[in-house]
Amino acid sequence: MTSLLEDLAQNYNPISAPDFVPACHTQELQFTRLKSIVRRAYDHGDLFRARMQERDLTPEDIRSLDDVSLLPFTVKADLRDTYPFGLLTSPMSEVVRLHVSSGTTGKPIVVAYTKEDVNVWTNVMARSFAACGLNHGDIIQNAYGYGLFTGGLGAHYGAEELGATVIPISGGHTDRQIMIMCDFHVTAICCTPSYFIHLIDHARGMGIDMHDLPIRVGIFGAEPWTDSMRKRIEQDAGIQAFDIYGLSEITGPGVAIECPYHNGLHIFEDHFYPEIVDPDTGETLPDGAEGELVLTTLSKKAMPMIRYRTRDITTLIGGRCPCGRTLRRMRRVGRRSDDMFIIRGINVFPSQVETALLAVEGTLPHYQIILTRAGGLDEMEVKVEVTPEVFSDRVGSMENLAKKLDHELERTIGLRAAVRLVRPNTLERSEGKAKRVDDRRNLDE
Ligand code: DLL
C-alpha cells in the first residue's frame, strides 16, 4: 500500500476538502447546524414541535452537541402517518424534487428536497466518488435505477459535480450494460453488488473478461453485502469495490462511503449526525458498541429528519483512518432490526406483501415468502393458501387468481414474484411470531 502522503497526493481533490478538516472544526459546525435545524423543525414542523412540548423542551435547551440525546426520535411510521407532505418544513413552492421509498404498507413514503438540499446531496455524492479515487476523466456507468428510487439521480448529480462523464444507463438490459461498458471505455460502475455479480457472469457468457476492460472501480450499495463478496468481485472483475450507504429519508446514497483502506464507511458528518442506540431501549451507546444507527440531518431544509431511527445495525468506529479523513466511520451494515428485506435493490416489508395478497379475493391470510439467489440475481416466491372454494373450483379460476395476485404484488411493491397457490392448511402455522420470510440467500454467492 502507498504511504499516507502519496495516497493524499494521488487522491487529492478540492471537493474532498471538508473530509480532512480537524474534527473539532466539524463538531463546531455540527453544533451550529444542529441548533438551526432544531429551530426550523420546531417552528415549521407540527409533529416535532408537539413532541418537544411533550418533553418540555424548546430549541434553546440544545446547549451542546451531546444534547442531541434529549431530542425525540423520528421513525418510518411518522412518514407514513403524515403521508404525503405532513413533514415538510418548506413551502411546496421551494421543493424542487420528490422521491419515494417503500413504506410498511401499500403506500410509499415521500421525501422532499429544496434546491439547497439537492446541492448538499450532490456535494456528498461527489465527495463519495472522490473517496473512491475517481475524478474528472473517469467514465461512470450509473446502473442504479433512475426514477423514484434515489440511487440513479443521486449518483448522477454527484458524478457530474465531480466533472466525470456519466452514462445514465439505469438498471436492467444486461446485454446493453456490457456493450456500453466495453465500447465507452467505462472506468467505474455504480449498481447493487448483486447486480454486478450478475454482470460479471453475463459478460463471461458473452466471452468477455472484465479484467481486459478499463473498468477499475465499483461503487456498490443499497443492499447488504459482505467482505467475502467484495473479495470475489475484486478477483473476478479486477476492480476495487467500494461500499456506499444511504437511505431516502436522510437524502439517498452518499450518507457514508468507504475510502481505499476499506476499514469502515466515512460518514459525511458535516451534514449527517450519527448516533448508535440500543434498538430496544433507545439508549445512546458509545463508539465501538453495536446498535441501531440514528441519523440527524444537519442541513436539510425541505424535510429535516431529527434522530431518525434507520433500523440499520452497525457500530461507530473511533480513531483515525490512515487515509487522513477526520470523518468518523461506521461498520458495513449487515442486518436490520426490523423485518424489511431488500431484493434487487428494492426494499420490501412482509406487511406490504400481505396487503397485496389480501386485496385479492380468494386468498387466506397464510403466506410465506421465500428468497433465493442464483448468479447474483434474487428471486422471490410467495406461497399463499387459497380458500377451499377456490381450491375445489376449476383450474381456470386458480390461474385467474394467480394472475391477479401477480399483478397486485407488482403494483404494491414494484417487483415480480413467483406466486404459488397452495391448498388451505398446508403452510406451517407458528405458535409464536409467524415466520413469514424464509431467506435462503447466501450473500457471498
Ligand atoms: O438504498 C439509497 C442508496 C442508493 C444507497 C444507492 C446506496 C446506493 P432506500 O431505498 O431508502 O435508499 O433504502 C435504504 O437500504 O436503510 C439500508 O437498510 C439499505 N442499504 C443502503 N445502502 C446499504 C449498504 C437507498 N451499503 C436502506 N449496505 C437502508 C447495507 C444498505 N444496506
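On a 1 Å grid over the protein atoms alone, a cavity is a set of points where a 1.4 Å probe fits but cannot get out. A volume is the space filled by probe spheres set on those points, which are joined across faces, edges and corners. In this predicted model, local features need pLDDT of at least 70 and side-chain atom pairs pLDDT 80 or more, while totals for chains, interfaces and linings use all residues. Residues are numbered from 1 along each chain as its sequence is written, and side-chain values use heavy atoms, leaving out hydrogens and water.

Searching the whole structure turns up four cavities of 30 Å³ or more. The largest has a volume of about 180 Å³. It is lined by 15 residues (an atom within 4 Å of a point), and Leu47, Phe48, Thr74, Leu87 and Pro304 sit closest to its centre. The second largest cavity holds about 60 Å³, and its lining includes Asp117, Trp121, His271 and Lys300.

Now for the ligand. There are 22 residues around it (a heavy atom within 4 Å), and Asp243, Ile244, Ser248, Asp312 and Asn347 come nearest. Polar contacts here are pairs of N or O atoms within 3.5 Å. An N or O atom in the side chain of Asp243 is 2.7 Å from a ligand nitrogen, a polar backbone atom of Ala222 is 3.1 Å from a ligand nitrogen, and a polar side-chain atom of Ser101 lies 3.4 Å from a ligand oxygen. On its own the ligand has 610 Å² of accessible area (Shrake-Rupley method, 1.4 Å probe), and the protein covers 97% of that.

How values were computed:
On a 1 Å grid over the protein atoms alone, a cavity is a set of points where a 1.4 Å probe fits but cannot get out, and a pocket is an open set with protein on both sides within 12 Å along at least five of seven lines; lining residues have an atom within 4 Å of a point. A polar contact is a pair of N or O atoms within 3.5 Å; within protein, one must be able to donate a hydrogen and the other to accept it, and residues adjacent in sequence count only if both atoms are side-chain atoms.
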